Amino acid sequence: MSGKLGGMARTIDTGSDDLLARVEGNVGIITFNRPERRNALSEGVYRGFGVALPAMAQDTEVRVVMLTGAGGAFCAGGDVKGMNEANQSGGKRSGQPDGLEDRVAYLRTRQRAVSLAIHEHPKPVVAAIPGAAAGAGLSIALAADLRLAAERALLVTAFANVGASGDFGGSWFLTQLLGPAKAKELYFTSPRLTAAEALDLGLVNQVLADDGFEQAAIDWCQSMAQRAPIAQRLMKENINRALHCDLATALDAEAPNMIRAMSTADHREAAAAFVEKRTPTFTGQ
């Protein structure tokens with residue numbers, strides 16, 4: 001596998017128009033595609049994630065995954081309009097089972113297939129937020145390793161506004177990022193955070209200009225994709241483990257990962273490039 005900054009884009013068939021996937025260079029791009037509903041979640045979105053994330057994990061050309069939304073929004077989370085329609089008709093939402101326990105199992109399965117799969121994906125995942133990220137949409141953005149936001153982006157937990165407690169891991173990710181007191185504040189009061197405010201809090205890593213945001217985000221991801229992919233995968237593994245282990249366990253697990261990374265051709269190339277004062281070219285080997 002060789003580094004690619006450009007090249008022809010190719011599509012991945014996700015089995016649903018609600019979630020699109022393509023590969024440009026070394027970046028796999030997953031796009032929420034329900035702009036008429038501000039990219040709210042749907043059965044098609046869930047099916048698409050079940051295809052796109054494993055495909056990009058196996059794709060040797062993909063080194064970084066970028067998650068974004070079409071039509072100026074990231075993801076509005078649950079389809080509140082659809083919820084209201086179901087409530088008014090007295091029926092259940094399309095695709096959802098009957099019965100409390102079945103509905104709990106249904107939600108657990110979909111949370112694991114999206115938020116957990118993003119968090120545990122073997123490659124870095126970057127959420128590129130062009131506009132609103134609300135409710136479960138924000139939770140999914142928080143599941144990513146890094147977040148880029150357009151200047152116009154708005155981030156809001158939103159659950160309190162619709163009388164819901166929250167899903168897709170937002171409570172866990174916010175607590176890890178900001179601590180329990182701030183996480184509770186954002187959940188209880190549901191403020192609409194601007195991109196600048198989210199940057200100050202540490203919810204997003206960088207704010208990019210509105211004009212040309214998607215391409216700028218892709219370029220940002222392409223730049224990261226030119227770094228050593230094996231080392232990045234092992235870094236993510238180490239940091240994810242640190243969320244739930246003690247120091248001794250972390251040290252014991254870092255050692256084999258470090259030895260493995262330093263046994264790669266990429267490490268030898270980086271060491272040579274450092275001595276020769278040039279930019280290394282990583283092959284993922």
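How many cavities of 30 Å³ or more does a search of the whole structure find? In this predicted model, the search finds one. The legends below begin with this cavity and then turn to a pocket, a strand and a helix.

**Figure 1. Lining of the largest cavity in the predicted model.** The space in this cavity amounts to about 40 Å³. Its walls are formed by Leu 138, Leu 155, Val 156 and Thr 157, together with Leu 186, Pro 191, Leu 193 and Leu 203. Sorted by class, seven of the lining residues are nonpolar and one is polar, while charged residues are absent.

**Figure 2. The second largest pocket and the elements that line it.** The volume of this pocket is about 490 Å³. Its lining comprises 19 residues, and those nearest the centre are Ala 144, Asp 145, Leu 146, Ile 239 and Asn 240. At least two lining residues come from each of helix H4 (136-143), strand E7 (146-150), helix H5 (170-178) and helix H9. The largest share belongs to H9, which supplies five residues. By class, the lining contains 12 nonpolar, four polar and three charged residues.

**Figure 3. Strand E4 and its pairing with strand E3.** Strand E4 spans residues 64-69, and six of its six residues are buried, so the strand is largely enclosed by the rest of the structure. In a regular strand, side chains alternate between the two faces of the sheet. In E4, Val 64, Met 66 and Thr 68 point one way, whereas Val 65, Leu 67 and Gly 69 point the other way; residues of both sets are buried. Strand E3 (residues 27-32) runs parallel to E4 and is joined to it by six bridges. Within this pairing, Phe 32 is placed opposite Gly 69 of E4.

**Figure 4. Helix H10 and its packing against neighbouring helices.** Helix H10 covers residues 247-261, 15 in number. From the first C-alpha to the last, H10 reaches 21 Å, close to the 21 Å expected at 1.5 Å a residue. Which residues of H10 are buried? They are Ala 250, Ala 253, Asn 257 and Ala 261. An α-helix has 3.6 residues a turn, so residues three or four places apart point the same way. The buried residues of H10 pack against two helices, H9 (229-242) and H11 (265-276). Helix H9 thus appears in two of these views: as a packing partner of H10 and as a contributor to the lining of the second largest pocket.

Key. Residues numbered from 1 in each chain as written. Predicted model: local features only at pLDDT ≥ 70, side-chain atom pairs only at ≥ 80, totals over all residues. Heavy atoms only, no water. Helix = DSSP H or I, 4+ residues; strand = E, 2+ residues; numbered from the N terminus. Expected span 1.5 Å × (residues − 1). Buried < 20%, exposed > 50% of the residue type's maximum accessible area, 1.4 Å probe, protein only. Contact = heavy atoms within 4.5 Å. 1 Å grid on protein atoms, 1.4 Å probe; cavity = no way out; pocket = protein on both sides within 12 Å on 5 of 7 lines; lining within 4 Å. Points joined across faces, edges and corners; volume = space filled by probe spheres on them. Nonpolar A, V, L, I, M, F, W, Y, C, P; charged D, E, K, R; others polar. Pairing = 2+ DSSP bridges.
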